[in-house]
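User: I'm new to reading protein models. Could you walk me through this one, feature by feature?

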Amino acid sequence: MSDIAKLELEGQVYELPVITGTEGEKAVDITQLRAKTGHITMDDGYGNTGSCQSKITFIDGEKGILQYRGIPIEELAEKSSFVEAAYLLINGHLPSRTELRRFSDMLTQNENLHEDMKYQFEGFPSNAHPMAILSAMINASSCFYPGLMVNRPNPARFEVHAARLLSQVRTIASFSYRKSHGLPIIYPKPSYKYTANFLHMMFSDVYQDYELKPEVVRALDLIFLLHADHEQNCSTATVRMVASSQANLFACAAAGVCALWGPLHGGANQAVIEMLEDIHRSGDDGSKFINAAKDKNSGKRLMGFGHRVYKNYDPRAKIIKKACDQLLSTLHISDPLLDIAKKLEEAALQDSYFVERKLYPNVDFYSGIIMRALNIPTEMFTVIFAIGRMPGWIANFKEIMDDPKSRIYRPRQVYMGATQNPFIPMDERK
Ligand code: SDX
C-alpha cells in the first residue's frame with residue numbers, strides 16, 4: 001500500500017508522504033506543501049485536517065468506537081472510575097494500586113483554594129454564569145501560586161500542577177454554585193473521594209452533610225469519566241493551541257472552558273434540557289419540534305443530536321441512556337423530559353432527514369436528564385462537562401509539553417479582502 005500521495009498542480013506532479021496511524025487512519029502529510037508548491041490547503045472547520053499525532057484517545061466515527069489509551073470506553077465505564085481514567089489519560093497507563101493511592105492523595109492535598117480566593121468570588125454578580133466564573137477563577141487560582149505559571153514545568157512540578165488543577169476545578173465549580181445561590185461555601189472533606197467530595201461541596205449545608213447515596217455518586221462519576229477526553233474536539237484543540245505558545249497549564253485550561261461553553265459544543269447539554277422543557281411546556285409530543293429542526297429557516301436544531309466525527313451512535317450516549325434509566329428507577333423519579341427525549345430519538349432515527357445526514361444522539365442528549373435527577377441546576381451542566389474534560393485537557397497539554405519538536409500553532413488563510421486601498425484623508429471621506 002503506497003505511503004506516497006501524488007498531487008498534480010499546474011502541470012507538475014508533487015509527491016507527499018502518507019502517514020498511517022496505529023488504528024489504520026491515513027493522512028497526507030502537507031507539512032512541506034507550501035514550500036514545494038506555493039499553495040496552502042483550505043478546510044473550513046478543520047473537518048479533514050489533522051493538527052497533531054496523538055496517543056491519548058481514539059475515535060472511529062463510522063463504527064462508534066471510543067478508546068482512552070486503547071481501552072474501550074464501555075470497559076472503563078463498567079470497571080473503572082473517573083480518577084483512575086484521569087490517571088490513565090494523563091500518564092498513558094492504568095495506575096498500580098500504589099500509583100492510584102499517590103494520585104488520589106495528591107488530589108486531596110490540593111483540594112483547597114488559597115483562602116484569599118474567597119474574595120475573588122465576591123466580585124461576581126449572583127447571576128453570573130458559572131462557566132464565566134470557572135474560566136476566570138482557574139486563571140485567578142494560578143495567581144496565588146506563581147510557581148504554577150511556569151510554562152514548561154519539570155515532571156515533578158507538572159504532577160503538582162495537574163493535581164491542583166484537576167482537584168481545584170471541582171472546588172471552584174461548587175463555590176461558584178453556592179455563591180450564585182447565596183449559600184455559604186462548603187469546604188472539601190479530606191475523607192471524601194473526588195466525586196463524593198464535589199457533591200458534598202455542592203449540596204451539604206453547614207448543619208448537615210449531604211447524604212451520599214452510592215448510586216448518585218456512581219452516576220456522576222460515570223458522567224465525569226465519559227466526558228474525560230475526546231480527541232481534538234473544539235475545546236481540546238483550543239487547549240493545544242494555547243499550549244503550543246508555551247502558556248502555562250492554567251491559562252490553557254481557562255481557554256478550554258471558554259471554547260467548551262458554546263451551545264454547539266459543551267453548552268449543548270444545557271441547550272438539550274432547555275429544548276426539552278420548551279417542548280414539554282408547549283404540549284408538543286416532539287413531532288412539531290422535529291419538523292422545525294429539519295427546517296433551516298426555523299433557527300432550531302435537535303440539540304444533542306449530530307456530531308462532526310460520529311456518523312453512528314455516540315457510544316457515550318448509549319451508556320448514559322442506560323445509566324439514566326437505572327438511576328431514575330433506583331431513585332423512583334419519573335421525568336417527563338426523559339420520555340420526550342426517547343420519543344424524539346425514536347422519531348429522528350426513523351426520519352430520512354436525520355438518517356441521510358447520519359445524525360444520532362451524542363453525549364449531550366441524555367446527560368442532562370441524569371444531572372437533573374442529581375439536582376444539578378441546568379446552568380451548571382457545562383461546568384460538569386468541564387470538570388469531566390479536565391484530564392483530557394491536561395493530557396493534551398502534557399503531550400505538547402513533552403514534545404521537544406512541538407511548534408506554535410499558526411494556521412494560514414486565503415485573503416479575500418480589499419486590495420490596493422489608498423489612505424483617504426478625513427475631510428475627503430464620505
Ligand atoms: C460535543 O467534537 C467533539 O468531540 C465534541 C464532543 C466532545 O466530547 O468534545 O463530542 C461534545 O460537542 C457534542 C456535540 C454537541 N452539540 C450539539 O448537540 C448541537 C447540535 N448538533 C449540531 O449543531 C451539529 O451536529 C454539530 C455541531 C455537533 C456538528 O456540526 P457539523 O459537523 O459542522 O455539521 P453541520 O452543522 O455541517 O451539519 C451537517 C448537516 C446540515 O444540514 P445540510 O446543510 O447538510 O442540509 O446536518 C444538519 C445541518 O443542518 N444538522 C442538524 C443537526 N446537526 C447537523 N440538523 C438538525 N439538528 C441537528 N442537531
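Analyst: Sure! Keep in mind that this is a predicted model. Let's begin at the ligand: a polar side-chain atom of His 230 sits 2.6 Å from one of its oxygen atoms. Arg 389 also brings a polar side-chain atom to 2.8 Å from a ligand oxygen, and with Gly 304 it's a polar backbone atom that lies 2.8 Å from a ligand oxygen.

User: How much of the ligand's accessible area does the protein cover?

Analyst: On its own the ligand has 1,000 Å² of accessible area, and the protein covers 78% of that.

User: Which residues around the ligand come nearest?

Analyst: There are 24 residues around it, and the nearest are His 230, Arg 301, His 307, Arg 308 and Arg 316. Sorted by class, the shell holds 10 nonpolar, seven polar and seven charged residues.

User: Where does the ligand lie relative to the domains?

Analyst: Look at who supplies the shell. Domain 2 (72-263 + 377-385 + 393-399) and domain 3 (268-373) both contribute residues, so the ligand lies between them. The assignment also gives a domain 1, residues 4-50, and its C-alpha centre is 38 Å from that of domain 3.

User: What about disulfides: how many does a search of the whole structure find?

Analyst: A disulfide is a covalent bond between the sulfur atoms of two cysteines. Here the search finds zero. Take Cys 52: the nearest cysteine sulfur belongs to Cys 252, 14 Å away. For Cys 234 the closest one is in Cys 258, at 11 Å, which is too far for a bond.

User: Are those two cysteines, Cys 52 and Cys 234, buried or exposed?

Analyst: In between! Cys 52 is partly exposed at 26% relative accessible area, and Cys 234 is partly exposed too, at 48%.

Notes
Residues numbered from 1 in each chain as written. Predicted model: local features only at pLDDT ≥ 70, side-chain atom pairs only at ≥ 80, totals over all residues. Heavy atoms only, no water. Domains from an automatic or database assignment. Near = heavy atom within 4 Å. Polar contact = N/O pair within 3.5 Å; in protein donor to acceptor, adjacent residues only side chain to side chain. Areas by Shrake-Rupley, 256 points an atom, 1.4 Å probe, with all protein chains shown as cover. Nonpolar A, V, L, I, M, F, W, Y, C, P; charged D, E, K, R; others polar. Disulfide = S-S within 2.5 Å. Buried < 20%, exposed > 50% of the residue type's maximum accessible area, 1.4 Å probe, protein only.
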